[in-house]
Amino acid sequence: MHHDYSNDCISPVAFVAIGATMVGSITFTKKKGDYVRKGDEFGYFSFGGSTVICVFEKDSIKIDKDLLENSARSLETLVAVGMTLGVSKKKHPEVGLPNLDKCVLQA
């Protein structure tokens with residue numbers, strides 16, 4: 001997969017899909033060179049659950065507290081699609097409101 005890292009808010013991420021016992025196959029819906037955006041389908045596991053490993057640039061992610069606490073106690077953490085696992089530590093550009101001082105509405 002490929003992502004445009006010219007945006008200072010994004011760091012490279014390594015993604016590894018792991019098929020555990022009772023997983024018939026891993027089907028990727030993206031090909032080498034495809035662009036991937038947040039929320040895009042990447043692929044899916046067939047017949048049963050499995051896991052993925054994401055490797056981030058050192059100190060680029062603030063991992064959620066529950067994951068850190070459970071990991072320290074060697075506990076598995078159940079996650080579901082859409083759950084937050086961590087957030088980028090990189091500064092995001094301020095997105096302010098547009099200046100409407102000179103805006104003219106026409107009928």
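Is Lys-65 buried or exposed? Lys-65 is exposed, because its relative accessible area is 62%, and a value over 50% is what places a residue in that class. This residue offers a convenient way into the structure, which is a predicted model and should be read together with its confidence values. The mean pLDDT of the protein chain is 76, with 68% of its residues reaching 70 or more. Among the elements of the chain, helix H1, which covers residues 65-72, has the highest mean pLDDT, at 92, whereas E3 has the lowest, at 77.

The overall architecture can be stated briefly. The protein chain contains one helix and six strands, and, read from the N terminus, these elements follow the order β-β-β-β-β-α-β. Of the 107 residues in the chain, 7% are buried. The chain exposes about 9400 Å², of which carbon and sulfur atoms supply 58%. When contacts between residues at least 6 apart in sequence are considered, 61% of them join residues that are at least 24 apart.

Two strands, E1 and E4, illustrate such contacts between residues far apart in sequence. Phe-15 lies in strand E1, which spans residues 13-18, while Cys-54 has its place in strand E4, spanning residues 51-56. Although 39 residues separate Cys-54 and Phe-15 in sequence, their C-alpha atoms are 4.7 Å apart in space. Leaving aside neighbours within four places in sequence, Cys-54 is in contact with Val-13, Ala-14 and Phe-15. Strand E4 also holds Val-52, whose C-alpha atom is 4.5 Å from that of Ala-17, with the two positions 35 residues apart in sequence numbering. If residues up to four places away in sequence are not counted, Val-52 touches Phe-15, Val-16, Ala-17 and Phe-45. Phe-15 is thus a contact of Cys-54 and also a contact of Val-52.

The accessibility of these residues deserves a closer look. Cys-54 counts as partly exposed because its relative accessibility is 37%. Val-52, with a relative accessible area of 35%, is partly exposed, and Phe-15, with 33%, is partly exposed as well. On the surface, Phe-15 and Val-52 join Ile-26 and Phe-28 in a nonpolar patch, and the four residues together have about 300 Å² of accessible area. Phe-28, at 42% relative accessibility, counts as partly exposed. Membership of such a patch requires over 30% relative accessible area, a condition that Phe-28 meets with its 42% and Phe-15 with its 33%.

Phe-28 leads from the patch to an aromatic interaction. A pair of aromatic rings is described by the distance of the centres and the angle of the planes. The structure holds one aromatic pair. The ring centres of Phe-28 and Phe-42 are 6.4 Å apart and their planes stand at 80°, so the pair is edge-to-face. This pair links distant parts of the chain, since Phe-28 belongs to strand E2 (residues 25-28) and Phe-42 to the loop between E2 and strand E3 (43-46), with the two residues 14 apart. The centre distance of 6.4 Å can be set against the pairing cut-off of 6.5 Å.

The helix brings the account back to its starting point. A search of the whole structure finds one salt bridge, and the partners are Lys-65 and Glu-69, whose closest N and O atoms are 3.8 Å apart. Because Lys-65 and Glu-69 are four residues apart in helix H1, about one helical turn separates them. Glu-69 counts as partly exposed at 40% relative accessibility, whereas Lys-65 is exposed at 62%.

Two loop residues remain to be examined for their backbone angles. Asp-59, in the loop between E4 and strand E5 (61-63), has a phi near 65°, which is a positive value in a residue other than glycine. Ser-74, which lies in the loop between H1 and strand E6 (86-88), has a phi near 55°, again a positive value in a residue other than glycine. Asp-59 is exposed, with a relative accessible area of 56%, and Ser-74 counts as exposed at 69% relative accessibility.

Definitions and conventions: Residues are numbered from 1 along each chain as its sequence is written. This is a predicted model: local features need pLDDT of at least 70, side-chain atom pairs count only at pLDDT 80 or more; totals for chains, interfaces and linings use all residues. Side-chain values use heavy atoms; hydrogens and water are left out. Buried means under 20% relative accessible area, exposed over 50%, partly exposed in between (1.4 Å probe, protein chains only). Contact means heavy atoms within 4.5 Å. Accessible areas come from the Shrake-Rupley method with a 1.4 Å probe; for residues, only the protein chains shown count as cover. Rings of Phe, Tyr and Trp (its six-membered ring) pair if their centres lie within 6.5 Å; planes under 30 degrees apart count as stacked, over 60 as edge-to-face and the rest as tilted. Patches are made of residues with over 30% relative accessible area and no salt bridge: like charges are joined within 9 Å, nonpolar side chains (Val, Leu, Ile, Met, Phe, Trp, Tyr) within 5 Å. A salt bridge is a side-chain nitrogen of Lys or Arg within 4 Å of a carboxyl oxygen of Asp or Glu. pLDDT is the predictor's confidence in each residue, from 0 to 100.
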